[in-house]
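Here is a structure to explore at your own pace. Keep the 3D view open while you read, and turn it as you go.

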Number of protein chains: 2
Amino acid sequence: MNASLPPITGAGTGPASALHHVDSQLEASLERLFALLRIPSISTQLEHAPDCRRAAEWLRDDLQSLGFQASVRDTPGLPIVVAHDRSASAAVEGAPHVLFYGHYDVQPVDPLDLWTNPPFEPVLIDAPAVDGVTPDRWITARGASDDKGQVMTFLEALRAIRAADGSYPLRISILLEGEEESGGPSLRPFLEAHADELRADYALICDTDMLGDHTPAITTMLRGLVGEEIIITCADRDLHSGLYGNAARNPLHLLVEILASLRDAEGRVTLPGFYDDVAPLPPSVKASWERIGFSDAELLGPIGLSIPAGEAGDSALEQTWARPTCEINGITGGYGGEGFKTVLPGKASAKVSFRMVSGQNPEAVRDAFRAHVRSRIPADCSVAFRSHGCSRASSLPIDSASLRAALGALGEEWGTEAAVVGSGGSIPVVRDLQEALGMDSLLIGFARNDNRIHSPNEKYDLSSFHRGTRSWVRVLYALAAGAPEGTPTSV
Amino acid sequence: MNASLPPITGAGTGPASALHHVDSQLEASLERLFALLRIPSISTQLEHAPDCRRAAEWLRDDLQSLGFQASVRDTPGLPIVVAHDRSASAAVEGAPHVLFYGHYDVQPVDPLDLWTNPPFEPVLIDAPAVDGVTPDRWITARGASDDKGQVMTFLEALRAIRAADGSYPLRISILLEGEEESGGPSLRPFLEAHADELRADYALICDTDMLGDHTPAITTMLRGLVGEEIIITCADRDLHSGLYGNAARNPLHLLVEILASLRDAEGRVTLPGFYDDVAPLPPSVKASWERIGFSDAELLGPIGLSIPAGEAGDSALEQTWARPTCEINGITGGYGGEGFKTVLPGKASAKVSFRMVSGQNPEAVRDAFRAHVRSRIPADCSVAFRSHGCSRASSLPIDSASLRAALGALGEEWGTEAAVVGSGGSIPVVRDLQEALGMDSLLIGFARNDNRIHSPNEKYDLSSFHRGTRSWVRVLYALAAGAPEGTPTSV
């Protein structure tokens, strides 16, 4: 694999020595990652709370071995690992102070029978051959990509830098939480309570994707989320659909009428005012995405689809990165088992989410949604709502020196211009860091979009891990040195 | 309770002695019903197949104790109980030969946690008091009403007649099936293969309701049923709704759009040609239903509703008895558990049923439905269909001598004119008996419309069981004697 790596340039306290260290110590790095992956730190399942603590303690110990003052901090929920590098170094004078963020918790593993290997017994397997050539190897385990593998690219980069130089070229703090996958409430109050300790010049977050397999990317646009559950009640019991059908209101009919009316035939969300505060995509960003040339087929083909489902005329990339939407995440009502039951249910419910882009007010979207639903409930029926999240979209500065420096470093490692991209998903910590600490974030990740995060057989390419680690080495030296004057960005 | 029963008239081989026997043996009758109710004969769940056979064997044994030649017959599905009374009796000369039909299978019991008592541990409880008086007692169990309780009214009537007279006043055959609730395929071929054995002058079926709590009823109109399951596949896996939402087609969106489009804002089914063969209600029937004066509030009030959901202008009674409809019986897709999961599912499915009235062709309705669905599936998605029944509506003669005789007997027992009514439900056996054996059916049942059949806490009023049994005693003697000349019907 080393044969395909780009030549190492630079000298002195630059990345060369550390990059050599990354390459030569890859096997030991993998062993450490596997040890972390073996801990079933599922944050949504109470019985795994001790495993979550074990993962936090494992990371604390590893950070202490890297010279950090690291501790496991209790919260009302799952613990948070905080670490600071307090070693004095001449190189740090004038360099920025960065806060690295990641999460040690993972998603549940069901359905377990779809896993080829047990989810907490990590293995390294050959990726399927293409034209007779095995293009990569896969680290397969729950959390391999989201987010343990990505977190460890950063820690292994630190280890290599420390081995090469004895210290780090900039001030580094680290925050690793355990409630990212559960939407837990502990992080935000923790940030607010420890603002002075945690505030840095900006944050580095490793929880995002590359663009395809070969183009490194920094994510600057994240959609916000409004999650809503609606429960419609008609009759006070389940009925026989033959005896009552037609005369008794069917909550599933109300539900499908309401849900179908949320989007029009062109895929646009119909809530009044929904698009009022949606700004058009800046022409420079639109142009750069066209240059990226990531086609609808490249996004949709791997999941078995070909026709973008959103607003007519927008590419699949724009639809997921830059356009708001409404998705139905689940419907429950009536009989779902084998065979048939002629039931006319008394209740039916649905989970619905809105993804919002910069400018949209999530509270206003939620209010408009609830008013839309209520207006369609007949007088003899009722509806109840449960909120499952309400967060704004994030839009990060696309012209900062740190962004330019990081893009340059990534381009050097991957041998191709790095891209500035959007992401359809929400990463609430970005908004939390902005609001609680006044900090922007650089979102740099090495996951691929076929990593099956949240699904069985989650994987992380060995190249993501190896070159991701190398990328952080280059990025950290570049951030320490500052961006060269006039370095162009890809935007 | 006996104090409120009407005086017994008639003598000799008339009903008087048998009615006394019904009253004095009520407790033993209940014990037998409870024994049958304890068998969890759920036909839609494979693991209960042995229980279904146990129920069939229990009924065979009971029928043998009543002097019948009874046997459990194997089918490709669940067994069928067939019994014949071969005892010679002078009274039978010239009397009709009747085939009694019922079913021993029951509906599933989920959601189990809504049952006050375990569904297969029958109990007798006081009905809620009205003005300080307990109006009745309730037999509570799955199948109490549908159909074990109703079947046992007939068998207990036979027991009383046999105890009183030593034989039956007419020739009786009995057929009890086990796939009524599952729409199973075994009955029709069985009827055809044993047509000579099973053919009688007409059938008696006890699987229908009274009209309100006090008016006995014979049902002459039954809606047909087309049961369909549709499974829509979009992406080849579940996706993260943030990363793919908007661009990846959501099968739940397709499903709600398709299902919502099946009925218009006035409640009419939108399938092309759906109403072409629907005849208007005969004026005599419409007039008799207006005389019945069963208001929307009386039908909908007890289930917590007040506004008829079907076609504007039709009463709730007409909507359920005489108008076709489409109901959604279940939707499955995405995440239905506690909390929220931002999943964009790869598949979603729904169970849909059409209730049809006389004149409508179920195959044509099914074809129109499938074409409607297919026309709304994008080229990169797919849909599969499963059929769960396809039966025509039934309309029975309303002027026969046997109908008049039965109406007269019911009127005597209940002290009020018996009604000829329609029913929203489908009883496919009525059509099967007509087509396979050339037989009409008399549908006489004692269920109340608040019996919660197919729902948790299914019940059968003790008065339904007791006076239902007494009603069959009177009806059987009346059918044996023939209808009085010129007896008016209520139509």
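In which loop of chain A is the place of Arg452(A)? Look between β17 (441–445) and β18 (459–461) of chain A, and you'll find Arg452(A) in the loop there. Keep in mind that this is a predicted model.

## Two loop residues with positive phi

Arg452(A) has a phi near 55°, which is a positive value in a residue other than glycine. Is Arg452(A) buried, exposed or partly exposed? Arg452(A) counts as partly exposed because it has 18 C-beta neighbours inside 10 Å, and a buried residue needs 20 or more.

Now hop over to chain B. Asn457(B) lies in the loop between β17 (441–445) and β18 (459–461) of chain B. Asn457(B) isn't a glycine, yet its phi is positive, at about 60°. With 18 other C-beta atoms within 10 Å, Asn457(B) is partly exposed.

## Chain A as a whole

Let's zoom out. Chain A has 15 helices and 18 strands. Its radius of gyration is 24 Å, close to the 23 Å that the globule rule gives for 491 residues, so chain A is as compact as a globular protein of that length. The C-alpha trace of chain A spans about 85 × 55 × 50 Å along its principal axes.

How much of chain A is buried? Buried residues make up 54% of its 491 residues. If you take the contacts in chain A between residues at least 6 apart in sequence, 78% of them join residues at least 24 apart.

## Two domains

Chain A splits into domain 1 (2–222 + 394–481) and domain 2 (224–278 + 324–391). The C-alpha centres of domain 1 and domain 2 of chain A lie 38 Å apart. Where these domains meet, 7 residues of domain 1 of chain A are in contact with 6 residues of domain 2 of chain A. The domain 1 side of that contact has 2 nonpolar, 4 polar and 1 charged residues.

## Where the chains meet

How many residues does each chain bring to the contact between chain A and chain B? Chain A brings 73 residues and chain B brings 78. On the chain A side, strand β11 (residues 325–334) gives the most, with 9 residues. By class, the chain A side divides into 28 nonpolar, 31 polar and 14 charged residues.

Follow β11(A) a bit further. Strand β11 (residues 325–334) of chain B runs antiparallel to β11(A), and 5 bridges join them. For one spot to find on screen, try Gly334(A), which stands opposite Gly330(B) in β11(B). β11(A) also has a partner in its own chain: 7 bridges join it to strand β13 (residues 347–356) of chain A, again antiparallel. There, Ile331(A) has Ala350(A) in β13(A) as its bridge partner. β11(A) is mostly covered, with 10 of its 10 residues buried.

## The core and its helix

The largest nonpolar core has 281 residues, and those with the most contacts inside it are Ala248(A), Ala406(A), Ala248(B) and Ala406(B). Setting aside neighbours within four places in sequence, Ala248(B) is in contact with residues of chain A, including Leu300(A) and Ile303(A), and with residues of chain B, including Cys234(B) and Leu344(B).

Helix α8 (residues 251–260) of chain B is mostly covered, since 8 of its 10 residues are buried. Among them are Leu252(B), His253(B) and Val256(B). What does the covering? The cover includes α8 (251–260) and β11 of chain A, together with β9 (224–233), β11, β13 (347–356) and α12 (362–374) of chain B.

## Out in the open

For a contrast, try helix α9 (residues 283–292) of chain B, which is hardly covered: among its 10 residues, the count of buried ones is 1. Just after α9(B), Gly293(B) takes a positive phi of about 65°.

Back in chain A, Gly273(A) sits in the loop between α8 and α9 (283–292). Gly273(A) is exposed because 12 other C-beta atoms lie within 10 Å. The C-alpha atoms of Gly273(A) and Gln360(A) are 9.7 Å from each other, with these positions 87 residues apart along the chain.

## Two cis peptide bonds

One last thing to look for: a cis peptide bond joins Asp110(A) and Pro111(A), with omega about 0°. Pro111(A) is in the loop between β3 (97–103) and β4 (123–126) of chain A. In chain B, a cis peptide bond joins Asp110(B) and Pro111(B), with omega about -5°.

Terms used. Residues numbered from 1 in each chain as written. Chains lettered and ligands numbered in written order. Predicted model: local features only at pLDDT ≥ 70, side-chain atom pairs only at ≥ 80, totals over all residues. Domains from an automatic or database assignment. Contact = placed C-beta atoms within 7 Å. Nonpolar A, V, L, I, M, F, W, Y, C, P; charged D, E, K, R; others polar. Core = buried A, V, L, I, M, F, W, Y, C linked by C-beta atoms within 7 Å. Helix = DSSP H or I, 4+ residues; strand = E, 2+ residues; numbered from the N terminus. Pairing = 2+ DSSP bridges. Rg over C-alpha atoms; globule rule 2.2 N^0.38 Å.
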